[in-house]
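Thank you all for coming. I would like to take a few minutes to walk through one chain with you, beginning with the whole and then turning to some particular side chains.

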Amino acid sequence: MECFSTGVISSTLVSIGADLSHPLSTLDKGLITSSTSLFALIASPLAALLADQLGRKQVVLVADILFIVGALWQAFTKSVVGMICGRSIIGLAVGGASLVVPLYISELSPSAFRGRLVTVSILFVTGGQVIAYVLGYVLAQRVHGWRWMVGLGAVPAVVQFVLLLKLPETPRWLVKAGKEDIARFVLKKIYASEANTAAEQVLKEIRREMIEEKATSKLVNPATPGHDDWPSLTQFQNRMTELFFIGGNRRALTIACMLQALQQLCGFNSIMYFSATIFSWLGFASPILTSLSVAVTNFVCTLFALLIIDHAGRRAILLGSIPVMIGGLVLCSVSYHFLGLPPKEPNLPEKTQISEHSSWATCIVVSLVIFVCGYAIGPGNIAWQQSELFPLSVRSLGSGLATATNWASNFLVGLTFLPMMELLTPSWTFALYALVCLAGWVCAWKIYPETKGLELEDMRELLKDGWGVQESLNRPRPTD
């Protein structure tokens with residue numbers, strides 16, 4: 001659903017015309033796109049608290065309902081304000097789903113398949129974006145076709161809601177909630193192809209981690225009489241204290257937030273949101289269809305990441321993919337320099353032919369494809385492996401704050417991209433994104449350990465006394 005919502009907005013922005021009482025200004029476009037990110041930022045930490053209290057599955061079900069409401073709201077709105085409200089509801093859904101879905105998958109998955117299964121969810125995101133672009137191209141030819149574009153976003157939400165009703169809660173949350181018998185039943189289902197001892201061994205590791213976390217929690221949160229009137233608030237305060245004052249948890253949070261900030265500040269979603277606008281500036285006859293090259297590249301390269309992530313490892317993939325992104329951004333910056341500044345208001349007719357600088361316009365398309373290729377293989381899916389960094393007691397809260405970092409950065413990029421293109425010029429805008437990628441590579445090299453093949457319960461020990469980079473590279477792992 002979040003995939004469809006992200007992909008469809010690019011086509012929607014160039015298709016609305018004056019249907020919302022007047023042609024969209026640069027400010028209107030910025031507010032429509034960034035409102036989703038802003039409300040996702042608000043929703044993600046709240047969803048983290050609800051995921052601990054109600055369970056991971058329940059939060060996803062609520063997100064599905066919000067997706068349905070937001071999609072239909074956009075489809076029937078008559079004003080820019082109404083469109084912003086609909087996008088804001090979608091933002092609440094996206095904020096909850098983007099946090100809890102990777103968390104849900106991580107806690108259900110065996111360690112040997114965890115990376116691939118989380119990446120499968122990202123693959124569905126990128127696949128949804130491809131579908132959104134195709135529908136955008138087809139429906140853009142129809143009167144008020146954009147209303148169908150956004151309204152159809154309710155369909156995958158309905159499908160997921162129905163299917164999720166049949167799936168279990170995660171065993172780790174069940175143990176934490178005191179439902180160990182149900183957790184054992186779920187684990188036996190997960191490890192059905194292995195000896196019965198596999199499920200018991202995982203259950204034993206979960207219990208051991210909980211005992212260690214309780215002992216650590218007592219050190220940083222000594223019992224204080226008179227603080228039981230608001231047990232939920234007290235529990236939240238305790239979790240925040242554990243997250244920020246226990247060194248391993250604080251390092252996990254730093255790594256997760258760094259990865260999420262890099263994923264957005266590199267400028268990827270500005271391309272997803274505004275690719276059709278960019279290609280209309282460049283004079284392509286069908287900017288929506290040209291944008292499809294970006295979405296297809298994202299999907300294909302995410303599929304490649306799915307095949308290698310549990311073999312090559314997260315750290316190696318990340319450090320290898322960021323230089324590809326930098327190369328694409330530098331090429332884009334150089335191409336824009338020789339192409340010249342595009343018009344400020346890209347109201348070009350649909351059938352406009354590519355400008356006289358067609359070779360440089362083509363270079364920009366190629367450079368964005370290169371950038372998206374590196375992004376999809378690396379930061380696009382690696383950042384969402386964040387849940388594996390945190391111990392159980394702070395996993396939801398830590399993931400929530402990291403996801404909030406993602407959406408805060410997304411909001412910033414979505415709101416500033418078009419003004420930066422006008423004020424700094426496109427050449428300097430993409431050069432700035434390249435510098436962000438370079439800084440991200442340095443940070444990842446210094447502090448991001450390899451987590452390939454580690455059980456969730458092992459991460460606590462890895463980050464206990466330091467960043468664990470060298471230890472993670474030297475640690476023997478099971479053969480693939």
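If we take the contacts in this chain with a separation of 6 or more, 81% of them are accounted for by residues 24 or more positions apart. I should say at once that what you are looking at is a predicted model, and everything I describe is computed from it. The secondary structure comes to 21 helices and zero strands. Of the 480 residues in the chain, 56% are buried, while the area that the chain exposes is about 19,600 Å², with carbon and sulfur atoms supplying 69% of it.

Let me turn now to the aromatic rings, where the count comes to six aromatic pairs. In one of them, Phe371 and Tyr375, the ring centres are 6.4 Å apart and the planes stand at 35°, which is between the 30 degrees below which a pair counts as stacked and the 60 above which it counts as edge-to-face, so this pair is tilted. Phe371 and Tyr375 are four residues apart in helix α16, which covers residues 358-377, and they are therefore separated by about one helical turn. Both Phe371 and Tyr375 are buried.

A second pair to look at is Phe417 with Phe430, whose ring centres lie 6.2 Å apart and whose planes meet at 80°, so that this pair is edge-to-face. Here the pair links distant parts of the chain, since Phe417 sits in helix α18 (residues 392-423) and Phe430 in helix α19 (residues 426-447), 13 residues apart. Phe417 has a relative accessible area of 0% and is buried, and Phe430, at 0% relative accessibility, counts as buried too. Ring pairs also join Phe417 and Phe430 with Tyr336 and Tyr433 into a cluster.

My last stop is a charged residue, Arg251, which lies in helix α12, residues 247-265. What is the nearest side chain of opposite charge to Arg251, and how far away is it? It is Asp465, at 5.6 Å, and Arg251, although buried, has no salt bridge. The side chain of Arg251 does, however, reach the backbone oxygen of Leu463 at 3.0 Å. Leaving aside residues up to four places away in sequence, Arg251 touches Leu463, Lys464, Asp465, Gly466 and Trp467, so Asp465 is among the residues in contact with Arg251 even though no salt bridge is formed, the limit for a salt bridge being 4 Å between a side-chain nitrogen and a carboxyl oxygen.

Technical notes:
Residues numbered from 1 in each chain as written. Predicted model: local features only at pLDDT ≥ 70, side-chain atom pairs only at ≥ 80, totals over all residues. Heavy atoms only, no water. Helix = DSSP H or I, 4+ residues; strand = E, 2+ residues; numbered from the N terminus. Buried < 20%, exposed > 50% of the residue type's maximum accessible area, 1.4 Å probe, protein only. Lys, Arg positive; Asp, Glu negative; His and termini not counted. Polar contact = N/O pair within 3.5 Å; in protein donor to acceptor, adjacent residues only side chain to side chain. Contact = heavy atoms within 4.5 Å. Phe/Tyr/Trp six-rings, centres within 6.5 Å; stacked < 30°, edge-to-face > 60°. Areas by Shrake-Rupley, 256 points an atom, 1.4 Å probe, with all protein chains shown as cover.
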